[in-house]
Structures are given as C-alpha cells and as structure tokens.
Amino acid sequence: MIVCVPSRGPTVESQMDDRFGRAAFFAFFNTDSGEVHVAENPHAGGSGGVGPQAVQFLVQNGVTTLIAPRLGGNAEEALVASKIQVIMQNPDVTVVQAFQTWKDNAGISA
C-alpha cells in the first residue's frame with residue numbers, strides 16, 4: 001500500500017503542508033517494502049485546477065491512502081473517483097509524524 005502525505009519540504013522531517021493541491025512536495029510511504037520517497041509536486045504552481053491534477057499525480061504514483069488536513073471540493077471529488085482513501089490529520093506535525101500516527105491507528109506493523 002502506498003500512503004501519501006503533502007509536505008512543505010523535501011524530507012519526511014519537513015512540516016506537513018496544509019494545502020493539498022499546492023503542497024510543495026508529496027511524501028510516499030510504501031507500507032509493504034518500507035521504502036519512502038519525496039517528490040516535488042509538479043502542479044503546485046499551477047494557475048487553477050491543481051487539486052484534481054495533484055490527485056492524478058498520486059494515482060500515477062500508486063497511492064491508496066492520502067493523509068491530509070483539508071481538501072478543496074474538486075480535489076475531494078477526484079479522490080473519491082480515484083478510490084483513494086482520505087485520512088484527515090492536523091497539519092501541525094512533521095510528515096513522518098503524520099504517517100506514524102496513521103500507521104499506529106491502522107495497526108500496521110511494517
């Protein structure tokens with residue numbers, strides 16, 4: 001399973017970004033392999049419609065779960081259509097803390 005967290009910076013120690021579609025980066029956690037990578041959001045600087053474009057980027061990266069503090073309406077619709085589960089999380093934590101909290105609550109040991 002691939003879990004995604006929007007990030008303000010290029011590491012998992014960066015602060016979680018509270019702007020989903022305009023997040024500077026996305027952190028991808030593979031719960032099966034333990035692999036983690038952070039990628040720049042290619043749509044962060046777009047002029048409009050960045051939420052659905054960001055969702056498409058997540059789909060291309062195999063994301064099944066998104067941990068985010070809030071979503072725009074268009075992003076929310078695109079996530080539902082893409083069958084990506086959304087977990088709402090307070091953004092006042094680092095990316096890795098958000099992931100760890102989700103992992104602990106989901107009972108995932110990997």
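In this predicted model, helix H1 passes helix H2 in a right-handed crossing. The two helices, H1 spanning residues 50–60 and H2 spanning 73–82, pack at an angle of about 30°, and their axes lie 7 Å apart. Because angles under 35 degrees count as roughly parallel, H1 is described as roughly parallel to H2. On the H1 side, the contact is made by Gly-51, Pro-52, Val-55 and Val-59. On the H2 side, Asn-74, Ala-75, Ala-78, Leu-79 and Ser-82 take part. Sorted by class, this contact comprises 6 nonpolar and 3 polar residues, with no charged residue.

Helix H1 also holds Leu-58, a residue with a relative accessible area of 0%. Leu-58 is therefore buried, the cut-off for that label being under 20%. Setting aside neighbours within four places in sequence, the contacts of Leu-58 are Cys-4, Phe-20, Phe-26, Val-63, Leu-66 and Ile-84. Pro-69 follows 11 residues away from Leu-58 in sequence, and the C-alpha atoms of this pair are 16 Å apart in space.

Pro-69 appears again around Asp-17, being one of the residues that Asp-17 touches. Asp-17 sits in the loop between strand E1 (2–7) and strand E2 (25–30). A charged side chain in a loop might invite a closer look at its accessibility, and here the value is 0%, so Asp-17 counts as buried. Besides Pro-69, and not counting residues up to four places away in sequence, Asp-17 touches Pro-6, Ser-7, Arg-8, Arg-22, Ala-23 and Ala-24.

Two further loop positions are worth a visit. Lys-83 is placed in the loop between helix H2 and strand E5 (85–88). The phi angle of Lys-83 is near 60°, a positive value in a residue other than glycine. Most residues other than glycine have a negative phi. Lys-83 has a relative accessible area of 74% and is exposed, since the label applies over 50%. Val-93, in turn, lies in the loop between E5 and helix H3 (95–106). With a relative accessibility of 18%, Val-93 counts as buried, because this value falls under the 20% limit. Val-93 touches Gln-15, Met-16 and Ala-98, again not counting residues up to four places away in sequence. Ala-78, one of the H2 residues in the contact with H1, is 15 residues from Val-93 along the chain, and their C-alpha atoms are separated by 25 Å.

Stepping back to the whole chain, the model contains 3 helices and 5 strands. Read from the N terminus, the elements run β-β-β-α-β-α-β-α. The radius of gyration is 12 Å, close to the 13 Å that the globule rule gives for 110 residues, so the chain is as compact as a globular protein of that length. Taken along the principal axes, the C-alpha atoms fill a box of roughly 40 × 25 × 25 Å. Of the 110 residues in the chain, 42% are buried; Leu-58, Asp-17 and Val-93 are among the buried residues. Among contacts in the chain with a separation of 6 or more, 52% involve residues 24 or more positions apart.

Definitions and conventions: Residues are numbered from 1 along each chain as its sequence is written. This is a predicted model: local features need pLDDT of at least 70, side-chain atom pairs count only at pLDDT 80 or more; totals for chains, interfaces and linings use all residues. Side-chain values use heavy atoms; hydrogens and water are left out. Helices (H or I, at least four residues) and strands (E, at least two) are DSSP runs, numbered from the N terminus. Buried means under 20% relative accessible area, exposed over 50%, partly exposed in between (1.4 Å probe, protein chains only). Axes are lines fitted to C-alpha atoms, for helices over the stretch in contact, and angles run from 0 to 180 degrees between N-to-C directions. Angles under 35 degrees count as roughly parallel, over 145 as roughly antiparallel, 65 to 115 as roughly perpendicular and the rest as oblique. A crossing is left-handed if the near helix is turned anticlockwise from the far one by less than a right angle, and right-handed if clockwise. Contact means heavy atoms within 4.5 Å. Ala, Val, Leu, Ile, Met, Phe, Trp, Tyr, Cys and Pro count as nonpolar, Asp, Glu, Lys and Arg as charged, and the others, Gly among them, as polar. The radius of gyration is taken over C-alpha atoms; the globule rule is 2.2 Å times the number of residues to the power 0.38.
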